[in-house]
Amino acid sequence: MSDYLPVDERMMRVALDAAGGCGASGDVPVGAVVARDERILATAGNARERLGDPTAHAEILALRAASEAGGSWRLDGCTLFVTLEPCAMCAGAIVLARIDRVVFGAADPKAGFAGSLGNLLQDERLNHRDEIVGGVLAEECAEPLLAFFRARR
């Protein structure tokens, strides 16, 4: 994993804001931002419960919106900032979208595929690999998740 840049914290705070809107609909509070050259193309929060869609993870929704905003499914030159390490589904979509860099906050030892359970983002068998930066504002990103699951137990 790479070192993080000053912009990474700033964008992670935007992702945290996007995560903050998830709880009202019962969605796990995860937020994502897609940016190119520090210009935000899209932000999204998890919306599986709200949309009744198992693929409505923050990363997927942000990738869709960024593709629409950028006029192409190819998101070369973009960075995805996400408050929780991407799962296998999201990691696959990130690779297919040609995102250059993935910056995440909290690691996900139960479902993460940016280094925890596997590393789909840098699998040498694939035709595209992403730079990964993990642990940016990790405690701040983990707290809403911990609070969400504590409230459900």
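This is a walk through the model, one selection at a time.

Before you start clicking, note that this is a predicted model, in which local features need pLDDT of at least 70, side-chain atom pairs count only at pLDDT 80 or more, and totals for chains, interfaces and linings use all residues. Residues are numbered from 1 along each chain as its sequence is written, and side-chain values use heavy atoms, with hydrogens and water left out.

**Stop 1: the sheet**

Switch to cartoon and pick out the five strands, which form an open sheet in the order E2-E1-E3-E4-E5 with mixed pairing. Strands (E, at least two residues) and helices (H or I, at least four) are DSSP runs, numbered from the N terminus. Two strands pair if DSSP finds at least two bridges between them. At the edges you have E2 (39-45) and E5 (131-133); each has a single partner strand, so one side of each is left without a neighbour in the sheet. From one strand to the next, the twist averages 15°. Angles here run from 0 to 180 degrees between N-to-C directions, with axes being lines fitted to C-alpha atoms, for helices over the stretch in contact.

**Stop 2: the E1-E2 hairpin**

Select 31-45. E1 and E2 run antiparallel and are joined by six bridges. For two pairs to label, try Val 33, whose bridge partner in E2 is Thr 43, and Ala 35, which stands opposite Ile 40. The hairpin has two residues between its strands, and Asp 37 in the turn has a positive phi of about 55°. Glu 38 is also in the loop between E1 and E2, with phi near 65°, a positive value in a residue other than glycine. Is Glu 38 buried or exposed? Its relative accessible area is 52%, so Glu 38 is exposed; the cut-offs are under 20% for buried, over 50% for exposed and partly exposed in between (1.4 Å probe, protein chains only). E1 itself is mostly covered, with five of its six residues buried.

**Stop 3: across to E3 and E4**

Now add E3 (residues 78-84), which runs antiparallel to E1 (residues 31-36) and is joined to it by five bridges. Val 34 has Leu 80 as its bridge partner in E3, while Arg 36 has Cys 78. Step on to E4 (101-106) and the sense changes: E3 and E4 pair in the parallel sense over five bridges. Thr 79 stands opposite Arg 101 there. Six of the six residues of E4 are buried, so E4 is largely enclosed by the rest of the structure.

Just before E4, click Arg 98, in the loop between helix H4 (88-96) and E4. Arg 98 is not a glycine, yet has a positive phi of about 65°. Its relative accessibility is 16%, so Arg 98 counts as buried.

**Stop 4: the core**

Show side chains and zoom in on Val 34, Ile 99 and Leu 121, which have the most contacts inside the largest nonpolar core, a set of 46 residues. A nonpolar core is a set of buried Ala, Val, Leu, Ile, Met, Phe, Trp, Tyr and Cys residues joined through side-chain atoms within 4.5 Å. In soluble globular proteins, nonpolar side chains tend to be buried together. Leaving aside neighbours within four places in sequence, Val 34 is in contact (heavy atoms within 4.5 Å) with residues including Ala 62, Leu 63, Ala 66, Leu 80 and Ile 99.

**Stop 5: helices on the sheet**

Colour H3 (residues 58-70), which packs on the sheet and touches E1, E2 and E3; the direction of H3 makes about 145° with that of E2. Then find H5, lying across E3 and E4 and running at about 60° to E4.

Which helix packs with H5 (residues 138-151) at an angle of about 5°? Helix H1 (residues 6-20), with the two axes 10 Å apart. H1 and H5 are therefore roughly parallel to each other (angles under 35 degrees count as such). Met 12, Arg 13 and Leu 16 of H1 meet Glu 140, Cys 141 and Pro 144 of H5.

**Last stop: Thr 83**

Finish on Thr 83, in strand E3. Thr 83 counts as buried, at 1% relative accessibility. Select its neighbours, not counting residues up to four places away in sequence: among them are Met 12, Leu 16, Gly 31, Gly 105 and Cys 141.

Key:
Parallel < 35°, antiparallel > 145°, perpendicular 65-115°, else oblique.
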